[in-house]
Amino acid sequence: MTYREFNSFCGSLPATTYVVQWGGAHVWKVGGKVFAIGGWERGHHPGITFKVSEIGWEILREAEGCRPAPYLASRGMKWIQSYDTGLGKRELKQYLKASHDLVAAGLSRKKRAELGL
């Protein structure tokens, strides 16, 4: 998945905002909370970082082309980074959507209502 595809997909999810921060990373948020980061490119493929459920963590943390996200996972957070030829586009989109849903579910009821979620 290219950065263009990544940004287009994340922008298609409900109530998202985009910012470039942390040294040029493409950061996507819902309700002001990060759900996806595109950055730290290795080779010709971007590293795409996203939040996962407990089950997603167990499946992906040792999968080829995936790793616990630098900085985030070391703080006990369940974030995975797919890099090089890690996840295919379809699977990555499913995990990005799930990350969006996980982060949105963690927002207050009032905030979700404000955002139409």
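A charge is said to sit over a ring if NZ of Lys or CZ of Arg is within 6 Å of the ring centre and within 35 degrees of the ring normal. With that in mind, and remembering that the model is predicted, select Arg67 and Tyr83: the charged end of Arg67 sits over the ring of Tyr83, at 5.1 Å from the ring centre.

Next, go to the start of the chain and select Met1, which lies in the segment before α1, the helix spanning 3-12. At 17% relative accessibility Met1 counts as buried, because the cut-off for that class is under 20%. If you display its surroundings, leaving aside neighbours within four places in sequence, you will find Met1 in contact with Phe6, Pro46, Ile48, Lys89, Leu92, Lys93 and Leu96. A distance drawn from the C-alpha atom of Met1 to that of Phe50, 49 residues further along the chain, comes to 14 Å.

From Met1, move to Phe6, whose contacts beyond four places in sequence include Met1, His26, Trp28, Ile48 and Leu96. Phe6 also belongs to the largest nonpolar core, which has 22 residues and in which Phe6, Phe35, Phe50, Leu60 and Leu96 have the most contacts. Colouring by element helps here, since the contributors of two or more residues are α1, β2 (25-30), β3 (33-42), β4 (45-51), α2 (54-60) and α3 (89-105); the largest share, five residues, comes from α3. A second, separate core of six residues can be selected afterwards, with Ala25, Val27, Val34 and Ala69 among them.

Now turn to the aromatic rings, of which a search of the whole structure finds two pairs. Select Tyr18 and Trp28, which form a tilted pair with 4.9 Å from centre to centre and 40 degrees between the planes. This pair links distant parts of the chain, with Tyr18 in strand β1 (residues 16-21) and Trp28 in strand β2, 10 residues apart. The two partners fall into separate accessibility classes: Tyr18 counts as partly exposed at 38%, whereas Trp28 counts as buried at 8%.

Finish with the cysteines, for which the count of disulfides comes to zero. Select Cys10 and Cys66: Cys10 is in no disulfide, and its nearest cysteine sulfur is that of Cys66, 16 Å away. Seen from Cys66, the closest cysteine sulfur is the one in Cys10, and the 16 Å between them is too far for a bond, because a disulfide requires sulfur atoms within 2.5 Å. Cys10 counts as buried at 0% relative accessibility, and Cys66 is buried as well, with a relative accessible area of 6%.

How values were computed:
Residues numbered from 1 in each chain as written. Predicted model: local features only at pLDDT ≥ 70, side-chain atom pairs only at ≥ 80, totals over all residues. Heavy atoms only, no water. Helix = DSSP H or I, 4+ residues; strand = E, 2+ residues; numbered from the N terminus. Buried < 20%, exposed > 50% of the residue type's maximum accessible area, 1.4 Å probe, protein only. Contact = heavy atoms within 4.5 Å. Core = buried A, V, L, I, M, F, W, Y, C linked by side-chain atoms within 4.5 Å. Phe/Tyr/Trp six-rings, centres within 6.5 Å; stacked < 30°, edge-to-face > 60°.
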